[in-house]
Amino acid sequence: MLKDMNCFSKIGSGSTRSAYICVNNNAPNIFSDWINKDIVIKEAKSERGVRANKFEYKIWSNNKFNFLCPILTILNEGEYIIMPKVNTTKITEYHVSKVVSEYRKYCYLSIHSDIKKKNIGLYKGKPVLIDYPFIEQDYAGFDAIHL
Ligand SMILES: Nc1ncnc2c1ncn2[C@@H]1O[C@H](COP(=O)(O)OP(=O)(O)O)[C@@H](O)[C@H]1O
Ligand SMILES: [Mg+2]
């Protein structure tokens with residue numbers, strides 16, 4: 001558990017995962033590529049969190065939609081994923097509507113109740129989803145997916 005290590009600091013938590021940043025150089029070897037980078041480690045809290053990490057990673061790597069926060073790598077069979085750290089402090093309804101309209105270009109269903117301020121951050125100035133396993137419900141609706 002990253003919370004027990006003094007090299008990580010928790011910056012957020014949801015129902016299935018916690019998010020940490022590295023605060024010094026003492027991280028275990030599996031994180032050595034990511035020390036001193038502007039990234040977040042999302043740690044699964046349980047098997048559901050592992051599934052969320054794996055599914056998010058699959059969605060990202062198969063599609064690279066511009067409304068998704070990139071996933072840089074997946075570690076330890078889904079226990080961790082690494083994402084760029086995004087700014088979550090200044091999200092407005094305008095950003096939400098931008099993400100919804102991008103999402104709807106690829107999605108035929110209308111399930112997007114999880115596209116809300118708390119799941120969005122600014123990455124290179126553009127609004128992106130940071131928490132998107134919910135897309136599984138719409139997965140069949142994406143053209144671009146090749147499983
Ligand atoms: N890429 C990121 N940059 C900054 N903060 C993040 C990032 N990813 C997650 N977080 C923070 O961590 C919290 C938990 O992550 P999240 O993916 O929402 O987990 P869960 O799927 O359990 O809801 C988020 O609400 C957010 O505050
Ligand atoms: Mg969340």
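Start by selecting Arg17 in this predicted model: across from Arg17 you will find Ala44, which belongs to β3. Now widen the selection to β2 and β3. These two strands pair in the antiparallel sense, with 4 bridges between them.

Next, bring in β1. β1 and β2 also run antiparallel, and 5 bridges join them. Follow the chain from one to the other and you will trace a hairpin, with 3 residues between the two strands. For a good place to pause, pick Gly12, which stands opposite Ala19 in β2. While you have the strands on screen, you might look at the side chains: in a regular strand they alternate between the two faces of the sheet.

Now select ligand 1 and show what surrounds it. The shell holds 20 residues, and those that come nearest are Gly12, Gly14, Ala19, Met83 and Asp131. Colour the elements that give two or more residues to this shell, and you will light up β1 (8-13), β2 (17-22) and β3 (39-44). Which of the elements gives the most to the shell? That is β1, with 3 residues. If you recolour the shell by residue class, expect 8 nonpolar, 7 polar and 5 charged residues.

For the last stop, go to Glu136, in the segment after β7 (126-129). Is Glu136 buried, exposed or partly exposed? Glu136 counts as partly exposed because its C-beta has 15 C-beta neighbours inside 10 Å, a number between the 12 or fewer of an exposed residue and the 20 or more of a buried one. Finally, add Phe55 to the selection: 81 residues separate Glu136 and Phe55 along the chain, yet their C-alpha atoms are 7.6 Å apart.

Conventions
Residues numbered from 1 in each chain as written. Chains lettered and ligands numbered in written order. Predicted model: local features only at pLDDT ≥ 70, side-chain atom pairs only at ≥ 80, totals over all residues. Near = placed C-beta within 6 Å. Nonpolar A, V, L, I, M, F, W, Y, C, P; charged D, E, K, R; others polar. Pairing = 2+ DSSP bridges.
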